[in-house]
Amino acid sequence: MTVSSSATQADTGPAEICAEHLHKSFGGTVAVRDVSFQVARGEVIGFLGPNGAGKSTTLRMVTGVFPPTSGRASIAGHDVVREAILARRNLGYLPERTSLYSDMAVTDYLRFVADMKQIPAREVTKTVTWAMGATGIEHVSHRLVGNLSKGYRQRVGIAQAVLGDPSVLILDEPTSGLDPEQVSDIRALIRGLGDEKRTVVLSTHILPEVEMICSRVIILAGGRILAVDAPSQLERRLRPYKEFAARVVEASDVLLTSLRTVDHVAEVVVEAAPADEESGAEGTRILVRLEHGFDMRREIASKIVDGGAGLLELQPVVMTLEEIFLKLVGETHESQRS
Ligand SMILES: Nc1ncnc2c1ncn2[C@@H]1O[C@H](COP(=O)(O)OP(=O)(O)O)[C@@H](O)[C@H]1O
Ligand SMILES: [Mg+2]
């Protein structure tokens, strides 16, 4: 599995998915511009971006739903336009909006898809049984698709994608519109499907989702790639330090000085109190910035407690998706100016 921060591939053989300079315009609107990336066999990668970023359009070009305006894509070495049948044989795709056949029973629907995928008749029962097992839907196999909960319909959508055991799975927003429990079930399911021989691409607008599932993330905004990196590296790259926030009753200079003596602490600053007093929270917030890769919470807590400063709260400060985007978009503007 490639977890390197580099966008180029290590010597792991030919890329399972290859996109080169993909570009898509709809009339006068440019939805995707110059998008290139590669995914190695066995990787699970995330497409992360706000609504309208171009995620679905990119995935539709990669899956051969429609051709790019320019550029090309291949799956398992087959061009998705010129060798569409071969490319599709290696691909399972869950579109953003699935048109499941709601008046069919789950098994019948899956047998129908297996037939469309030209899975040999003698293998259909075995394949459908396997796909239902892999997605945990055996117990609803005789129910009508239209009567299932949204979470289960999404599982059926994933089951149709994995039919025929394709080496590449492309899932467009597989958890959108699900309740929290269903989301966590689907995430676990995707993690289970992403084994060493299967390549998975999923799109999402939720940052923690890619952190939980993906080894690399491609960030899209405005139809362009802003960054390609391991999720942990993204935050590292965008923020020089890891940050912890401590809320204390009294933030004395003595306390700040003693916190600065903790190993790997780079900076200690007192956060300016919110002007509107909206939080109404007690005490003062101190931001302790640490070198990446170190968690000194215990030491920080003991300094505060031992110094009698009154520790109210201590927690890591994580970057929100919005902050990451703003920072990336800001960097992109900077680099375009220079
Ligand atoms: N079929 C289409 N016709 C016209 N514009 C489209 C079409 N599909 C997508 N777009 C536009 O392309 C941009 C990217 O959309 P999309 O790829 O769906 O983004 P995402 O999946 O990241 O939310 C949006 O501005 C959207 O309105
Ligand atoms: Mg989309």
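Okay, before anything else, one bit of vocabulary: Ala, Val, Leu, Ile, Met, Phe, Trp, Tyr, Cys and Pro count as nonpolar, Asp, Glu, Lys and Arg count as charged, and the others, Gly among them, count as polar. Keep that in your head, and keep in mind too that this is a predicted model.

Let's start with the ligand. By those classes, the shell around ligand 1 has seven polar residues, three nonpolar ones and one charged one. Which residues are around ligand 1? Going along the chain, they are F26, T29 and A31, then G49, and then N51, G52, A53, G54, K55, S56 and T57. If you want to know where they sit, the elements giving two or more residues to that shell are strand β2, residues 29-39, and helix α1, residues 55-62. And the largest share, three residues, comes from α1.

So let's stay with those two elements for a moment. β2 belongs to an open sheet of four strands, in the order β2-β1-β4-β5, and the pairing there is antiparallel. Which strands stand at the edges? That would be β2 and β5, with β5 being residues 78-79. Each has a single partner strand, so one side of each is left without a neighbour in the sheet. For β2, look at β1, residues 17-26: seven bridges join β1 to β2, and the two run antiparallel. If you'd like one pair to find on the screen, L22 stands opposite V35 in β2.

And α1? That helix lies across β1, β2 and β4, where β4 is residues 70-75, and α1 runs at about 120° to β1. So here's the picture: β2 and α1 both give residues to the shell around ligand 1, and α1 also lies across β2.

Now the other sheet. This one is open too, with six strands in the order β6-β7-β8-β3-β9-β10, and its pairing is mixed. At the edges we have β6, residues 91-94, and β10, residues 224-229; each has a single partner strand, so one side of each has no neighbour in the sheet. From one strand to the next, the twist averages 15°.

Zoom in on the β10 end. Strand β9, residues 216-221, is joined to β10 by five bridges, and those two run antiparallel. V217 has D229 as its bridge partner in β10. Then helix α8, residues 231-238, lies across β9 and β10, running at about 105° to β10.

Last part: three helices, α3, α4 and α5. Let's take them a pair at a time.

First pair, α3 and α5. Helix α3 is residues 106-116 and helix α5 is residues 150-162; their axes come within 9 Å and cross at roughly 30°. Why do we call α3 roughly parallel to α5? Because angles under 35 degrees count as roughly parallel, and that crossing is roughly 30°. The crossing is right-handed. On the α3 side the contact is made by V106, Y109, L110 and V113, and on the α5 side by V156, A159 and Q160. By class, that's six nonpolar residues, one polar and no charged ones.

Second pair, α4 and α5. Helix α4 is residues 121-135, and it packs with α5 at an angle of about 135°, the axes being 9 Å apart. That makes α4 oblique to α5. This crossing is right-handed. A131, M132, A134 and T135 in α4 meet R155, I158, A159 and V162 in α5. Sorted by class, the contact has six nonpolar residues, one polar and one charged.

Third pair, α3 and α4. They pack at about 120°, with axes 10 Å apart, which makes α3 oblique to α4. Right-handed is the word for this crossing as well. From α3 we have T107, L110, R111 and A114, and they meet V124, T127, V128, A131 and M132 in α4. The count here is six nonpolar, two polar and one charged.

A few residues turn up twice, which is handy if you're clicking around. L110 of α3 is in the contact with α5 and in the contact with α4. A159 of α5 meets α3 and α4. And A131 of α4 is in the contact with α5 and in the one with α3.

That's my tour, thanks!

Methods: Residues numbered from 1 in each chain as written. Chains lettered and ligands numbered in written order. Predicted model: local features only at pLDDT ≥ 70, side-chain atom pairs only at ≥ 80, totals over all residues. Near = placed C-beta within 6 Å. Axes fitted to C-alpha atoms, helices over the stretch in contact; angles between N-to-C directions. Left-handed = near helix turned anticlockwise from the far one by under 90°. Contact = placed C-beta atoms within 7 Å. Parallel < 35°, antiparallel > 145°, perpendicular 65-115°, else oblique. Pairing = 2+ DSSP bridges.
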